[in-house]
Amino acid sequence: MYSQALNTKDAAAADTSPEAASFQARIDAEERIEPNDWMPDAYRRTLIRQISQHAHSEIVGMLPEGNWITRAPSLRRKAALLAKVQDEGGHGLYLYSAAETLGVAREELVDQLLTGRAKYSSIFNYPTLSWADIGTIGWLVDGAAIMNQIPLCRCSFGPYARAMIRVCREESFHQRQGYEIVLTLARGTPAQKAMAQDALNRWWWPCLMMFGPPDTDSQHSDTSMRWKIKRFTNDALRQKFIDATVPQGHFLGLTFPDPDLRFDEASGHWQCGTIDWSEFRRVLAGDGPCNRERLAARQKAHDDGAWVREAALAHAAKQQRKAA
Amino acid sequence: MQETPRIRMLLGLADDALIHGHRLSEWTGHAPTLEEELALANIALDLIGQARALYQATGLPEDDLAYLRDPHQFRNVLIAELPNGDFAFTIARLLLVATAADLAWRDAATSDDSDLPAIAAMARNEIAYHIRHAADWLIRLGDGTEESHRRSQNALDALWPYTGELTVGIDRSAWLGAIEAVLERATLTHPADGWMQGGGRDGRHTEHLGHLLAEMQILPRSHPGATW
Ligand SMILES: [Fe+2]
Ligand SMILES: [Fe+2]
Ligand SMILES: [Fe+2]
């Protein structure tokens, strides 16, 4: 998901200390772990990576949608989109704060993003080519985020769980708003309907990839599950998303770009065709359509803002000297 | 569109807010800090909201006014449409424009127009925050480093010829007093009043407005009659 690059092997050294045993007992009892509580180093590291990758995704995610703020087709849509992108920035802010409770500074996390040491969700490396992409991102990308983040509201780490509760409320508002944009287009002129169909064609598969690699490839999940950082596997969340979304798409009168998509009576689930995991790995490795632009835009904002941040610090220091 | 004196007055206020809000919204994703992303988006949202309330008060469809007028039909002051420049330019403009808007809204609050006093009550609360935000930053920038001081002074020097139009219809000395109080704390100065640019209220704009509108209006213009 927003932390999909975590699905790599991170062998948590088997810790047999009494602290580790009582830590696991608290987790098993569904207690929340707070920043000052004892925690295994690997738990701390995993959370810092997951929460910061989630934060980076919110921030980088402002770029593809921000691309349409100046071209939103009505004043109502312009205000709603601006407010949505602002919400995503707010999510980034809470998440950086949650990560900071684990003893890492925001500056260090931003540096990891800019130097390519930290990842963000692969989905934000795709371009927004038409207004329908804005509706489709709300409907599908925020929709997928919600599927992933609702279980995170019960994450064992307190600050992350609490941040997710607030974030999820806003994401579901974004999802409904996005769906309503697509609905308006689907009921609109032939050109608008074609725009909506084209957006679905481009976003559907990358959205399925947001949940991360199939369970058969993802060894990391076991530890995260034991620590209750993660509660469902990638495939289980992906299936929930497909089951929720396919009927919505059909209601819109749109066609999913998957000739193998079919409803399986026996299991009661929608089954999709084969996901092209080579595309996923390529985008994650840096060769998506917009990886370079996204990082360059963040780097430029960071560089252009350096003199502003220096000025704020210099002024604060002068004020402090005066007060002393 | 029949532009009665009332509609012309409302469009002046509304176009100022929309065009300035549009410029501020261009910062989204590119601001110097994450906190500032949120603040600039917030101010842009306030201004777009004010523009909508004012367009609605004309009794004409708000989106027709925003999306289907040509540049010469826009009534905003030129300073609102200038490109953002650096952060110092954006902040200095925000202070100059918001301080003038506050005075204009003060008058509007007591007018006998059917809609203006209610809109003014909302707008004045918002503008008070915009002024505070801009003043706080300009003081930091003016007082901060040599570079931030230089950039802020350059911004004021470049903006000053656009302030004549800004204070038509309000008390320029009241406006100047409020600006000078901030500049003093920021260790900045303003140039003497000289030749002032103008024409925005009459629809004579800078080269920048056409580009801004071409971008803003693209969808409604290329899909006539569609609803969004
Ligand atoms: Fe978000
Ligand atoms: Fe999110
Ligand atoms: Fe969202």
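**Exercise 1.** Which residue bridges the iron ion (ligand 1) and the iron ion (ligand 2)?

*Solution.* The model is predicted, and local features need pLDDT of at least 70, side-chain atom pairs count only at pLDDT 80 or more, and totals for chains, interfaces and linings use all residues. Residues are numbered from 1 along each chain as its sequence is written, chains are lettered from A and ligands numbered from 1 in the order in which they are written, and side-chain values use heavy atoms, with hydrogens and water left out.

The bridging residue is A:Glu58, and the two iron ions lie 3.4 Å apart.

**Exercise 2.** Identify the protein donors of the iron ion (ligand 1) and classify the site.

*Solution.* Donors are N, O and S atoms within 2.8 Å of the metal (3.2 Å for Na, K and Ca); water is not among the atoms, so sites may look incomplete.

Step 1. At 2.0 to 2.2 Å from the iron ion (ligand 1) lie A:Glu58 (OE), A:Glu88 (OE), A:His91 (ND1) and A:Glu171 (OE).

Step 2. Along the chain, these donors follow the spacing E-x29-E-x2-H-x79-E. Within this set, A:His91 belongs to helix α4 (residues 75–100) of chain A and A:Glu171 to helix α7 (residues 158–186) of chain A, 80 residues apart. Helices are DSSP runs (H or I, at least four residues), numbered from the N terminus.

Step 3. The angles among the four donor atoms are 91 to 138°, and the site is irregular. Four donors count as tetrahedral if all angles lie between 85 and 135 degrees, and as square planar if opposite donors are over 155 degrees apart and all others between 65 and 115; anything else is irregular.

**Exercise 3.** Determine which residues coordinate the iron ion (ligand 2) and whether they are buried or exposed.

*Solution.* Step 1. A:Glu58 (OE) and A:Gln149 (OE1) coordinate the iron ion (ligand 2) at 2.1 to 2.5 Å.

Step 2. Because A:Glu58 lies in helix α2 (residues 41–60) and A:Gln149 in helix α6 (residues 131–152) of chain A, the pair ties together parts that are 91 residues apart in sequence.

Step 3. Buried means under 20% relative accessible area, exposed over 50% and partly exposed in between (1.4 Å probe, protein chains only). A:Glu58, at 2%, is buried, and A:Gln149, at 0%, is buried as well.

**Exercise 4.** How many salt bridges are there between chain B and chain A?

*Solution.* A salt bridge is a side-chain nitrogen of Lys or Arg within 4 Å of a carboxyl oxygen of Asp or Glu. The count is two, including the one between B:Asp143 and A:Lys318 (3.8 Å, N to O).

Conventions. Tetrahedral: all angles 85-135°; square planar, octahedral: opposite > 155°, others 65-115°. Helix = DSSP H or I, 4+ residues; strand = E, 2+ residues; numbered from the N terminus.
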